[in-house]
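The following report describes the packing, the charged contacts and the backbone features of one protein chain. It is arranged by topic and is meant to be read beside the coordinates.

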Amino acid sequence: MSENIVMITAYNLQQRRQKADLTQKEVARLLGLKAETICRMEKGHNPVSLRRLQQFADLYGCTVIDFLQPPQA
């Protein structure tokens with residue numbers, strides 16, 4: 001179950017970034033991270049803390065809950 005949440009969050013992080021028309025490198029710069037870290041988060045290799053999810057939500061203009069919702073079919 002927790003692995004599923006990690007993958008849903010990873011997918012949503014990538015979708016929100018692409019919708020915002022930002023590159024991983026741009027997001028990394030804005031959040032003070034490395035592009036490799038953003039890549040690993042979007043692939044589900046690095047878990048994302050709630051604090052970090054809030055930073056992504058602020059950047060993308062959404063809520064933390066939006067990252068946890070399964071994609072609509």
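How many residues does the largest nonpolar core have, and which of them have the most contacts inside it? In this predicted model, the largest nonpolar core has 13 residues, and those with the most contacts inside it are L13, V27, F56, Y60 and F67. Two or more residues each are given to this core by helix 2, helix 3, helix 4 and helix 5 (64-68). The largest share, four residues, comes from helix 4.

**Core contacts and aromatic residues**

Leaving aside neighbours within four places in sequence, L13 is in contact with M41, E42, V48, L53, F56, Y60 and F67. Of these partners, F56, Y60 and F67 also form one aromatic cluster. A search of the whole structure finds two aromatic pairs.

**Helix 2 and helix 3**

Helix 2 has V27, A28 and L31 as buried residues. Viewed along the axis of helix 2, its buried residues fall within an arc of 100°, so they line one face of the helix. The exposed residues K25 and R29 are carried by the face of helix 2 turned away from its buried side. After helix 2 comes G32, with a positive phi near 70°.

In helix 3 (residues 35-42), the residues I38, M41 and E42 are buried. Viewed along the axis of helix 3, its buried residues fall within an arc of 95°, so they too line one face of the helix. Just after helix 3, G44 takes a positive phi of about 85°. R40 also lies in helix 3, and R40 counts as partly exposed because its relative accessibility is 34%. With residues up to four places away in sequence not counted, R40 touches H45 and N46. The C-alpha atoms of R40 and A57 are separated by 18 Å, the two residues being 17 residues apart along the chain.

**Salt bridges**

How many salt bridges are there? The count comes to two salt bridges, and both are set out below.

| Pair | N to O distance | Location | Separation in sequence |
|---|---|---|---|
| R16 and D66 | 3.8 Å | R16 in helix 1, D66 in helix 5 | 50 residues |
| E42 and R17 | 2.5 Å | E42 in helix 3, R17 in helix 1 | 25 residues |

The side chains of R16 and D66 meet in a salt bridge. R16 lies in helix 1 and D66 in helix 5, so this pair ties together parts that are 50 residues apart in sequence. R16 counts as partly exposed because its relative accessibility is 26%; D66 likewise counts as partly exposed, at 27% relative accessibility.

The salt bridge of E42 with R17 has its closest N and O atoms 2.5 Å apart. This pair links distant parts of the chain, with E42 in helix 3 and R17 in helix 1. Are E42 and R17 buried or exposed? Both E42 and R17 are buried. For R17, the relative accessibility is 8%, and therefore R17 counts as buried. Leaving out residues up to four places away in sequence, R17 touches L22, T23, Q24, V27, E42 and Y60.

**A buried arginine without a salt bridge**

R52 is placed in helix 4 (residues 50-60). Which side chain of opposite charge is nearest to R52, and how far away is it? The nearest is D58, 10 Å away, and R52 is buried yet has no salt bridge. A salt bridge requires a side-chain nitrogen of Lys or Arg within 4 Å of a carboxyl oxygen of Asp or Glu. The contacts of R52, not counting residues up to four places away in sequence, are L31, L33 and M41.

**The loop between helix 1 and helix 2**

D21 is placed in the loop between helix 1 (2-19) and helix 2 (24-31). Its phi is near 60°, a positive value in a residue other than glycine. D21 counts as exposed because its relative accessibility is 68%.

L22 is also placed in the loop between helix 1 and helix 2. Residues up to four places away in sequence aside, L22 touches R17, V27, L59 and Y60. The C-alpha atoms of L22 and Y60 are separated by 9.8 Å, although these residues are 38 residues apart along the chain.

Terms used: Residues are numbered from 1 along each chain as its sequence is written. This is a predicted model: local features need pLDDT of at least 70, side-chain atom pairs count only at pLDDT 80 or more; totals for chains, interfaces and linings use all residues. Side-chain values use heavy atoms; hydrogens and water are left out. Buried means under 20% relative accessible area, exposed over 50%, partly exposed in between (1.4 Å probe, protein chains only). Lys and Arg count as positive and Asp and Glu as negative; His and the chain ends are not counted. Contact means heavy atoms within 4.5 Å. The arc is that of the directions from the helix axis to the C-beta atoms. Rings of Phe, Tyr and Trp (its six-membered ring) pair if their centres lie within 6.5 Å; planes under 30 degrees apart count as stacked, over 60 as edge-to-face and the rest as tilted. A nonpolar core is a set of buried Ala, Val, Leu, Ile, Met, Phe, Trp, Tyr and Cys residues joined through side-chain atoms within 4.5 Å.
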